[in-house]
Amino acid sequence: MNTRPLVLVVMDGVGVGPGDRYDAVATADTPTFDRLRGAGVYQEIFASGTHVGLSSDSDMGNSEVGHNTMGAGRIIAQGAKRVDDAVLGGEIWEGAWRDVVTRATTGDGTLHLIGLLSDGNVHSSWEHLLLLLDHVKADGVQRVRLHTLFDGRDVEDRTADQYAERLEDALATRTEGTGLDWAIASGGGRMVTTMDRYEANWSVVEAGWRAHVQGTARPFTSVGEAIRVLREETPGISDQLLEAFTIVDQEGAPVGRVHDGDAVVIFNFRGDRAIELTRAFVEGSGFTGFDRGTVPDVFFAGMTLYDGDTNMPPVRLVQPPTITDTVSELIARAGLRQLAASETQKFGHMTYFWNGNRSDPFNAQTETYIDIPSDQIEFDKAPQMKAAETADYIVRALQEGGYDFLRSNLAGGDMVGHTGNFDSTVLAVEAVDAAVGAIAAAVEAAGGCLVVTADHGNAEDMVERDKQGQPRASEGGQPLWKTAHSTNPVPLYIVDYSDQEWAAVDGVDAAGLSNLAATLLTLLDLPVPENYRPSLVAVARNSG
Ligand SMILES: O=C(O)[C@@H](CO)OP(=O)(O)O
Ligand SMILES: [Mn+2]
Ligand SMILES: [Mn+2]
């Protein structure tokens, strides 16, 4: 019976901010954070850019790269960077891309490109899309249809019209005078169209299926008209929530539904929000997500691998990084027992991403995964989300004993931060603080060790800023609320209630999320592999 459980809490999207009135973490009443800060080690660590395997230090962090890096204990070139390298280096055009082009140029085939219109580099990249279009042209694809998802979550909100115009320009400059037939065929805001994740709400994917595939979503004659009318109907609506639509011609017929013989490419590179639509295209009659009607017989390719366990999609343009020997694999091999608990919105973060893009436990006998159903509403309406319920699970598991390493994710700082609603985000952070407080009390009662950190920033900086860092205002003089993640560092608290003796290691170079795995192994008294980044603590003597 283990008497010294180690507990990790990842507070999604709770970074260390400027401390001003746009910092929802500093504004929130957080007695737990204040108490923990004085009770053990407190440090700020890197969680963005090259510190988490992205191409540049101006790239904000995100959950995929954050959890991958924490779990891997190393800085690994991430999907985003790998796709960047493959696209910029040209390798991408030599593999499955050739088959896409063959299908799209055979008979009356159409090439459909589906993805997020964004400069966010979280799920997709604008540069990748432009280079795709260049190659589509060079390869002579006559008929192309774009299915565009609006972001407002990784880029400034209420910019969907600008992205749509940029895309229309990009299409026009490539097709003018050529006779090529390229057009935007459907779209919608990413949170209500297509980009659900972890099966939280399949109706989101169904709405996308109607828009992109069946051509039966709400009809508009242009993307500009769609955005204008939807905004008029709901003033102030976030781009993320724009209703799914289909572009129709003068007769009301969809300009680009998907037919047998077409080729379909999803150009998003991140798996969590691309896998469900992928499955809808690829899976046979066993598919239960929603009623697809007749499934068109298409050649389907994803930008990269979206799920390693199920090998989805079977055809992808770029191979993903292989991440092995992640911290939970090592802990499983050592025979220790592990629990992972999270609400649905972040479930795969603490399992799939944490484990190096692998959904299944390494050892089903010693690992338990708990998925607490998330609410199906906009998260600023219930900003506490499932923080208390998640804490309850951990608390009960600690009281009952039986696990050596327990990890959980508290989603509110991030998910509510993405709504741009400052007051709700403050409430979300307060709920996270309370949940950490409940977990801390249980860790103390169990004589264990508590580690609290975050995967990237979000809630700590809720306003768009100019290049000098000054807050920007909307036309009406209101703060221009920011919905995206940040490049800020994140906090790391280590509070030990056991009798284990250890000390913080000073002067670790560029301490970041990649140092967490070695730190956890050290606290568990397990060896740290040589290729891991170093631990932030050193154990003096074990008395457990
Ligand atoms: O919601 C998401 O998909 C991303 C933002 O695009 O957030 P996170 O990386 O925290 O999951
Ligand atoms: Mn996150
Ligand atoms: Mn997020």
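The bounds of a domain come from an automatic or database domain assignment. With that in mind, this tour moves through a predicted model, in which the centres of domain 1 and domain 2, taken over C-alpha atoms, lie 32 Å apart.

**Confidence**

Colour the protein chain by pLDDT before selecting anything. The average is 96, and 99% of the residues score at least 70. For the complex, the predictor gives an ipTM of 0.97 and a pTM of 0.93.

**The two domains**

Select residues 6-77 together with 322-541 and give them one colour; this selection is domain 1. Then select residues 81-302, which form domain 2, and give them another colour. Where the two domains meet, the contact takes 18 residues from domain 1 and 18 residues from domain 2. Which helix gives the most to the side of domain 1 that touches domain 2? Select residues 344-353: this is helix α12, and it supplies four residues to that side. By class, the side of domain 1 facing this contact has 11 polar, four nonpolar and three charged residues.

**A pair of helices**

Keep α12 selected and add helix α3, residues 63-72. The axes of α3 and α12 come within 9 Å and cross at roughly 35°. The crossing of these helices is right-handed. To see the contact itself, show the side chains of S63, E64, H67 and N68 on α3, and of H349, M350 and F353 on α12. Sorted by class, this contact of α3 with α12 has four polar residues, two nonpolar and one charged.

**Ligand 1**

S63 and E64 also lead to the next stop, for both belong to the surroundings of ligand 1. Centre the view on ligand 1 and select D12, G13, N62, S63, E64, V122, H123, R153, D154, R273 and D414, the residues that surround the ligand. The shell has six charged residues, four polar and one nonpolar. Where do these residues come from? Domain 1 and domain 2 each provide at least three residues of the shell.

**Two details of the backbone**

Most residues other than glycine have a negative phi, and most peptide bonds are trans. The last two selections depart from these patterns.

First, select M312 and P313. The peptide bond from M312 to P313 is cis, with omega near -10°. P313 is placed in the loop between β9 (299-302) and α11 (327-333).

Next, select M385, a residue other than glycine whose phi is positive, near 45°. M385 is found in the loop that runs between β11 (367-372) and α13 (387-400).

Note on methods:
Residues are numbered from 1 along each chain as its sequence is written. Chains are lettered from A and ligands numbered from 1 in the order in which they are written. This is a predicted model: local features need pLDDT of at least 70, side-chain atom pairs count only at pLDDT 80 or more; totals for chains, interfaces and linings use all residues. pLDDT is the predictor's confidence in each residue, from 0 to 100. Two residues are in contact if their C-beta atoms, placed from the backbone, lie within 7 Å. Helices (H or I, at least four residues) and strands (E, at least two) are DSSP runs, numbered from the N terminus. Ala, Val, Leu, Ile, Met, Phe, Trp, Tyr, Cys and Pro count as nonpolar, Asp, Glu, Lys and Arg as charged, and the others, Gly among them, as polar. A residue is near a molecule or strand if its C-beta atom, placed from the backbone, lies within 6 Å of it. Axes are lines fitted to C-alpha atoms, for helices over the stretch in contact, and angles run from 0 to 180 degrees between N-to-C directions. A crossing is left-handed if the near helix is turned anticlockwise from the far one by less than a right angle, and right-handed if clockwise.
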